[in-house]
Amino acid sequence: MNDALRSLLDLLALERIEQDIFRGESRASVVPRVFGGQVAAQALVAAGRTVPADRSPSSQLRRGDPVPHSLHAYFLRPGDPGAPIVYTVDRIRDGRSFTTRRVVAVQHGQPIFHLSASFQAAEDGLEHQEPMPPAPDPLELPTAAEMLPRHAERFLAPGVAERLLESRAAIDLRYVDEPPYATVGEARDPRSQVWFRTQGKLDDDCGIPRPLLDICLVTYVSDMTLLDSVLLAHGRGGWAVGDVVGASLDHAMWFHRPLRADEWLLYDQESPTAQGGRGLGKGRIFTADGQLAVSVIQEGVIRVPRD
C-alpha cells in the first residue's frame, strides 16, 4: 500500500461529531473544487456508519456487513477543497429488508451534495447478467505514469500531467484505448474501457468494514472517467486540454455482486446521448472473472468554451 492510498483511506475515515453527523477533510484537486468521487465516497461512508449490521446485498457476504445496493446523488455546488465538509445523515427508513439513508454534505453553511442510499438484508433470488465484454490483460496496458507524460504538451498549462498523476496516485488506472486527451480532434465511437485497482492490497483493519470500504473506493473511482465517452464522440480532449468545461450533475450506482477494490476491475463505459450542454455516461464494472458487480449512470455539464 503506497502513501497515496493510505492518505485516501484516511480521507474516508470520517470523524463522528454527533450521532448522525460526520466531518470529512478534503485534499487539493487538479481543479479548484472538491473531486466529486471524494464527496460521494465520503457520503456513502457516513450513511453506512448509521446502518444496522444486518444489511447485505448478497448471501455471499458475511451477514452483518452493512453494504449498499444502490445510491442516487446530486452535485449541487462546487466544494471548497480548503474547508472541511460536514455530512448529516437522516435515517429515512429501517425496514425488515431494506434500510434507506439520506445524506447532505454542507460547506460554509450551504449544501454542496445530496445522496440517498439503500441497504438490503442478505437474501437469495433469481440470477442473470450481461456477459463481460472482451478486454486485454490490464498488465499489458500502459500505466498512467507512462501514458500522461507522452501527451503533456496537449494540456492547458505546464504541470497538469504531474498534478493528474498526483491526484490519481492511490489508484492504478489503465486505459484500454487512447484517452480523450490523446486523440483531440478525432471523433471516435463513444465508448471507453479502463481497468483499475488500488495501488496495493487493502488491510482488513482499515477502520471501515471491508465490503463497505471496497464499494466506497469504487464509488470514488467511478467519477474519474465516466464522461470520457461523451468527449470521444466529439473529438474533445477534456478540461485539462481546455476545449470543454464541465462538471458532474448527478450520479447513480447499483451494486449487484461482491467485489474487491484491490483486485482488477473492468470499467466499461459508453455515452448514448449529449445535448443542451449536458452529456450522459453509462458504465458497467466487472470483476476480472466476469461478474457484473456495478452499474453506473452519470449526467454532467459539458460545454464548449466561448471565445
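Q: Which residue does D20 form a salt bridge with, and how far apart are the closest N and O atoms?
A: In this predicted model, D20 forms a salt bridge with R91, and the closest N and O atoms of the two are 2.8 Å apart.

Q: Where do D20 and R91 lie, and what does the pair tie together?
A: D20 lies in the loop between strand 1 (15-18) and strand 2 (21-24), while R91 belongs to strand 4 (residues 85-94), so the salt bridge ties together parts that are 71 residues apart in sequence.

Q: And is D20 buried or exposed?
A: D20 counts as buried, because its relative accessibility is 16% and the limit for buried is under 20%. Its partner R91, at 38% relative accessibility, counts as partly exposed.

Q: How many salt bridges does a search of the whole structure find?
A: The search of the whole structure finds 15 salt bridges.

Q: OK, what about R260, which residues does that side chain meet in salt bridges?
A: R260 forms a salt bridge with D262, where the closest N and O atoms are 3.5 Å apart, and the side chain of R260 also meets that of E263 in a salt bridge at 3.7 Å, N to O. As for accessibility, D262 counts as buried at 3%, whereas R260 at 36% counts as partly exposed, and E263 is likewise partly exposed, with a relative accessible area of 39%.

Q: Which residues do the shared partners join into one network?
A: Salt bridges that share partners join R210, D214, R260, D262 and E263 into one network.

Q: Then there's D228: where does it lie, and what is the nearest side chain of opposite charge?
A: D228 lies in helix 6 (residues 228-234), and although D228 is buried it has no salt bridge, the nearest side chain of opposite charge being R168 at 6.3 Å.

Q: What is D228 in contact with, then?
A: If one leaves aside the neighbours within four places in sequence, D228 is in contact with Y175, P180 and S192.

Q: Switching to rings, how many aromatic pairs are there?
A: The count comes to five aromatic pairs. One of them is F35 with Y220, whose ring centres are 5.1 Å apart and whose planes stand at 85°, so the pair is edge-to-face.

Q: Where do F35 and Y220 lie?
A: F35 lies in the loop between strand 2 and helix 2 (36-48), and Y220 lies in helix 5 (residues 210-222), so this pair ties together parts that are 185 residues apart in sequence. Y220 counts as buried, at 4% relative accessibility.

Q: What about the rings of F155 and Y181?
A: The rings of F155 and Y181 have their centres 5.2 Å apart and their planes at 65°, so the pair is edge-to-face. F155 lies in the loop between helix 3 (144-147) and helix 4 (160-167), and Y181 in the loop between strand 7 (171-175) and strand 8 (191-198), so the pair ties together parts that are 26 residues apart in sequence. Both F155 and Y181 are buried.

Q: Last thing, what is the mean pLDDT of the protein, and where is the pLDDT below 50?
A: The mean pLDDT of the protein is 91, and 94% of its residues reach 70 or more. Over residues 56-64, however, the pLDDT is below 50, and this stretch has 26 contacts in the model beyond near neighbours in sequence. Where pLDDT is low, the predicted coordinates should not be read in detail.

Notes. Residues numbered from 1 in each chain as written. Predicted model: local features only at pLDDT ≥ 70, side-chain atom pairs only at ≥ 80, totals over all residues. Heavy atoms only, no water. Salt bridge = Lys/Arg side-chain N within 4 Å of Asp/Glu carboxyl O. Helix = DSSP H or I, 4+ residues; strand = E, 2+ residues; numbered from the N terminus. Buried < 20%, exposed > 50% of the residue type's maximum accessible area, 1.4 Å probe, protein only. Phe/Tyr/Trp six-rings, centres within 6.5 Å; stacked < 30°, edge-to-face > 60°. pLDDT = per-residue confidence, 0-100. Contact = heavy atoms within 4.5 Å. Lys, Arg positive; Asp, Glu negative; His and termini not counted.
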